[in-house]
Amino acid sequence: MIANIVKPGHKTRGVLNYLYGPGRANEHTDPHLVAAWDDFVPDPGRNSAATLAQLADVLDLRVKQAGHKAPKNHVWHCSIRAAPEDRPLTDDEWAAIARRVLNATGIAPAGDPDACRWVAVRHADDHIHIVATKVRGDLRPPRNWNDFLLADKELVAIEKEYGLRQVPRGDRTAAKRPTRAEQEKASRTGNARTSRERLRTIVRTAVSAAMTTEEFFLILEGAGALVDVQYFPSGDVRGYKVALDDDTNAQGEPVWFSGSTLAPDLSYPKIAERLATTEATPAERADAPVWRRLALVVDQMPGHLAHSEGEAGQAHITVLAEALDALPLIAPVGLQPQLLQAATTFERAARSRILAQHQQAQATRRAVKAILREPAPKDGAILTTLLDALLLAVIAAQHWHRTRNHTQQAEAARQTADHLRAACQSAALEPLTALRGQGRYLAQWMLKRQAAAVRQALPNLAEQILTEPGWPALAATLNDATTAGHDPAALLTQAARHRELDTATNLSEVLTWRLYRLVKLSESPSNNATDPTNPALTSPSSLQRRTR
């Protein structure tokens, strides 16, 4: 159940006209009062003799009595909507809910004879509208400061008491949603996403690619965004705003968005803080190919999230979002829609009220930026391995948020994991086919030896694994690991620790990529080549082209 309290207005009759009217798309049915401050309030929806003018007049009576002392914007308007899966509530139940919200917000405290005048109107099965005029009987304004948080807190209790869906609550770090006007404008112009959403994606992608703030602005311009940088008198950057060429107002001027209005972490100071450190440290594997280097640091992320303090953990989640933002730039065309959806969904999981210590995750950040400046890997299995590592990191981020009661972020991470699984399955088709072919040509005694390793390491899951279509690929991977000197049973045990296997739809495929990553990341860097024939993103200009 969600409350939406709009900005106060000054036209009581105008709000009532909308509530009792047909709606913007004729969606209003049977508009009527479910409750009011007085049982004898005229209801135009049930009494043919009552009019909207009469209802507006009785609501505004105290406003007129207060004269110039009344607030200029005296109309308080709150809608309360049930979740789609909730049972239909009766008028009496909605009336009780309205009174509880009015009491919690201070608009109409229970038992207060001087409380504000209000009505609750229902014109659909799943929601009501509460309209109140903000002048009390003593002609003073109500004390309704922080009304949204108070209403939301009361709705949490209502959900539990009424057996309704307990909607994940936010921590006020979510990006601002597009307004109705922005959505309607996007629909009229044939765009699936609003300008706000498109610009948010462009800016987030530019942050993931840029090494410096100067390069960040260059990439934004190259991606097709209009950029206006503001400066202090000293010459230092104060902030920035962006717009799209095809989005103008009635005067034909660009519609500008500052970074902070796109998302809380896209303000200039937040971006500059993330880009402050870019030099490599001696501890980093600079000799390793960049894709393997990124896989190495992402592979360590679940451990960091499990054992880090809050600020360090938030830093790792922030850079995980940057990795997801970067991948659509360089992934095969067929994977880009799924990866873009994963990055867009994880955006909500990237922030919390915990401040990030970005220096804790600089190695991962540098590895993310490095893959955008190097050729793509020759082996398609390397991309699948990276996606699998990112999937584990996202699952770890989900757990990290859940343990801290970040319900919206945890849900966003869960949805992101679904998108990554789909992308990983698509990316794995070709390399899995090759591995299955290798597995089918293994001698029987080799297959029996690897099957014995599976039964030893995973006795409860072995029979399912051995009968899956992906078993030949897993057998080939185990055989390669054995040839390289690894203990296959020990590797399987290690791989199984990374994730609850009972949530996997295909155990053998999941284990294949876990093992592939464990073995390949321990090999000498010289064994992992890149394909010089693939286009490399070696300059800011090429990065700019790919962010369009």
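## Helix packing, cores and salt bridges

Helices α1 and α2 are oblique to each other, a word used for angles that are not under 35 degrees (roughly parallel), over 145 (roughly antiparallel) or 65 to 115 (roughly perpendicular). The model is predicted: local features need pLDDT of at least 70, side-chain atom pairs count only at pLDDT 80 or more, and totals for chains, interfaces and linings use all residues. Residues are numbered from 1 along each chain as its sequence is written, and side-chain values use heavy atoms, with hydrogens and water left out.

Helix α1 spans residues 12–20 and helix α2 residues 52–66; they pack at an angle of about 135°, with their axes 9 Å apart. Helices are DSSP runs (H or I, at least four residues) and strands likewise (E, at least two), numbered from the N terminus. The contact (heavy atoms within 4.5 Å) involves Thr12, Arg13, Leu16, Asn17 and Tyr20 of α1, and residues of α2 including Leu52, Leu55 and Leu59.

The largest nonpolar core has 80 residues, and those with the most contacts inside it are Val203, Phe216, Leu220, Tyr240, Phe346 and Leu390. Such a core is a set of buried Ala, Val, Leu, Ile, Met, Phe, Trp, Tyr and Cys residues joined through side-chain atoms within 4.5 Å. Buried means under 20% relative accessible area, exposed over 50%, and partly exposed in between (1.4 Å probe, protein chains only). Helix α15 (residues 380–403) supplies the largest share of this core, 13 residues. Another core, of 30 residues, lies apart from it and has Leu89, Cys116, Ala120 and Ala151 among its members.

The structure holds 31 salt bridges, each a side-chain nitrogen of Lys or Arg within 4 Å of a carboxyl oxygen of Asp or Glu. Three of them are listed below.

| Salt bridge | Closest N and O atoms |
|---|---|
| Glu182 and Arg196 | 2.9 Å |
| Arg198 and Asp246 | 3.3 Å |
| Asp265 and Arg204 | 3.2 Å |

Glu182 lies in helix α5 (residues 180–188) and Arg196 in helix α6 (residues 195–209), so this pair ties together parts 14 residues apart in sequence. Both Glu182 and Arg196 are buried. Arg198 also belongs to helix α6, while Asp246 sits in the loop between β7 (237–244) and β8 (257–258), so their pairing ties together parts 48 residues apart in sequence. Arg198 is partly exposed, with a relative accessible area of 22%.

Asp265, in the loop between α8 (259–262) and α9 (268–274), and Arg204, in helix α6, are 61 residues apart. Asp265 and Arg204 are buried. Salt bridges that share partners join them with Arg274, Glu322, Asp325, Glu347, Arg351 and Arg365 into one network.

Note on methods: Axes fitted to C-alpha atoms, helices over the stretch in contact; angles between N-to-C directions.
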